[in-house]
2 protein chains.
Amino acid sequence: MTETHSAAGSAQEGPTKLPAHEIVYQKLRSQILFGDLVPGQAVTIQGLVETLGAGMTPVREAIRRLISDGALVFQGNRRVSVPVLGAKDLEELIFVRKTVECELARRATPHVTEAVIAQLTSIDTALDTAINTGDVAGYLVQNYSFHSLLYAHAEAPILTDIADRLWLRFGPSLRVVSGRLGTQSFPDRHKDILEALRRRDADMAALAMERDVCQGMEQVAQGLQVAN
Amino acid sequence: MTETHSAAGSAQEGPTKLPAHEIVYQKLRSQILFGDLVPGQAVTIQGLVETLGAGMTPVREAIRRLISDGALVFQGNRRVSVPVLGAKDLEELIFVRKTVECELARRATPHVTEAVIAQLTSIDTALDTAINTGDVAGYLVQNYSFHSLLYAHAEAPILTDIADRLWLRFGPSLRVVSGRLGTQSFPDRHKDILEALRRRDADMAALAMERDVCQGMEQVAQGLQVAN
DNA sequence: GCGCCTAGAATATGATCAAATTGCCCCATG
DNA sequence: CATGGGGCAATTTGATCATATTCTAGGCGC
């Protein structure tokens with residue numbers, strides 16, 4: 001039903017190009033990453049079937065992938081929900097993020113071209129705008145974009161894969177914290193990272209990244225303390 | 001068809017307790033982890049449906065999870081296969097394994113009881129036997145068991161999750177290398193780890209683990225060089 | 001050598017079966 | 001007589017299967 005092969009009139013080629021389970025995965029992933037889903041919220045298959053207008057099998061496959069990503073948790077019985085971050089989880093995340101993302105920054109530095117630096121600068125400008133206007137959703141998107149684009153040039157697929165997964169774990173909590181404390185409280189350490197990239201100083205980039213990661217996680221930690 | 005609810009003859013109750021897609025996942029996971037599937041080998045849905053005697057949907061879900069784990073790769077068209085490890089991949093694996101597994105050893109040390117040390121010692125004995133008798137499959141199983149049991153006491157679910165995934169990536173290659181070089185060439189650094197655990201010396205445990213990881217990965221690196 | 005055509009495998013849908021949660025009713029008790 | 005707890009049933013949801021559709025690949029003819 002709906003339009004499987006469309007009305008042939010609209011000359012689109014994109015949507016049909018990738019499979020339905022991939023579409024569903026990307027959509028759900030974005031919703032989790034950018035905090036559209038609250039920690040603890042139950043995720044039902046049939047709910048997503050209605051919401052996303054997809055079939056049952058693609059939704060199931062997307063959920064399995066996200067469980068494997070750590071973005072969703074299987075609650076023993078057959079319930080699936082968005083995980084709630086505990087203090088211990090956060091401590092682990094800090095350790096792994098510091099290790100992995102610093103290394104990614106270090107490795108990306110020699111491969112980053114002027115064009116990429118320009119793109120990163122552009123993203124950072126948009127991020128500043130989002131912070132100043134209190135646009136929480138925009139802040140989350142631009143912040144992720146910055147890190148994601150940088151890591152894409154580290155030529156380290158396994159490390160990048162791990163980092164991406166970590167972001168899925170604290171995404172929902174970051175949204176909650178941002179909404180509670182406001183975007184003003186978030187410092188922007190990206191300027192230091194950009195400066196390091198321009199100087200082609202890998203160690204400085206790693207150091208700046210460590211500070212960025214620590215401050216971001218610190219904010220989440222404070223937010224979670226308030227919740228307790 | 002086949003036996004959905006079994007022929008009532010075999011009085012087992014366990015298998016029905018966990019869902020089919022979980023069974024399929026565990027089986028496929030073991031096959032990859034212990035090298036029953038060689039790197040580069042194509043994995044087809046219908047092939048697994050026949051081999052494992054399961055339905056199509058559970059097999060699809062298991063494959064999605066394993067792709068997300070990095071244990072399988074989606075080849076763009078609709079083909080799925082066991083990934084082939086490159087030199088760059090191996091270098092990344094070494095970095096992450098050293099970081100993560102050393103930390104896991106460090107964290108596990110204070111939580112490991114005498115009973116656990118006894119279990120680890122028992123596993124290590126079985127591992128020695130496997131090495132001496134040239135039992136490649138036994139070596140792989142016992143080696144994984146040792147690390148897995150140790151990490152289970154680190155009380156660090158995220159780190160353990162990452163480590164588990166890394167093992168899936170080099171499992172197939174480790175099997176190939178072991179079959180080529182023989183188990184004799186594998187040194188056993190577990191004795192040092194056990195000694196560190198008995199002394200409750202976390203730093204020493206981390207150091208011993210680092211040596212174990214490095215030597216294991218070194219073996220794989222040499223094996224891959226031969227293959228090129 | 002190139003293009004079409006057929007075969008086979010993967011994707012996606014809907015239906016069916018099984019399980020768990022929830023709400024409700026009845027009974028026991030204060 | 002009112003209230004709370006326990007058990008039963010109805011409904012919602014998840015798991016599995018059978019089937020139709022689509023896309024890719026390899027073979028055959030031109």
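Here are three short exercises on this structure, each with a worked solution.

This is a predicted model, where local features need pLDDT of at least 70, side-chain atom pairs count only at pLDDT 80 or more, and totals for chains, interfaces and linings use all residues. Residues are numbered from 1 along each chain as its sequence is written, while chains are lettered from A and ligands numbered from 1 in the order in which they are written.

**Exercise 1.** Find out which residues come nearest to DNA strand C.

Start with the cut-off: "near" means that the C-beta atom, placed from the backbone, lies within 6 Å. There are 16 residues around DNA strand C, and A:Pro19, A:Ala20, A:Gly55, A:Thr57 and B:Thr44 come nearest. Next, look at the helices (DSSP runs of H or I, at least four residues, numbered from the N terminus). The largest share of this surface, 3 residues, comes from α3(A).

**Exercise 2.** Work out how many residues each chain brings to the contact between A and B.

Count two residues as in contact if their C-beta atoms, placed from the backbone, lie within 7 Å. That gives 20 residues from chain B and 20 residues from chain A. On chain B's side, α3, α4 (87-108) and α7 (157-181) each supply at least two residues.

**Exercise 3.** Put the strands of the open sheet in chain A in order.

Strands are DSSP runs of E, at least two residues, and two of them pair if DSSP finds at least two bridges between them. The order is β1-β3-β2, with antiparallel pairing. β1 (42-43) and β2 (73-74) stand at the edges with a single partner strand each, so one side of each has no neighbour in the sheet. Finally, zoom in on one pair: A:Val73 stands opposite A:Ser81 in β3(A).
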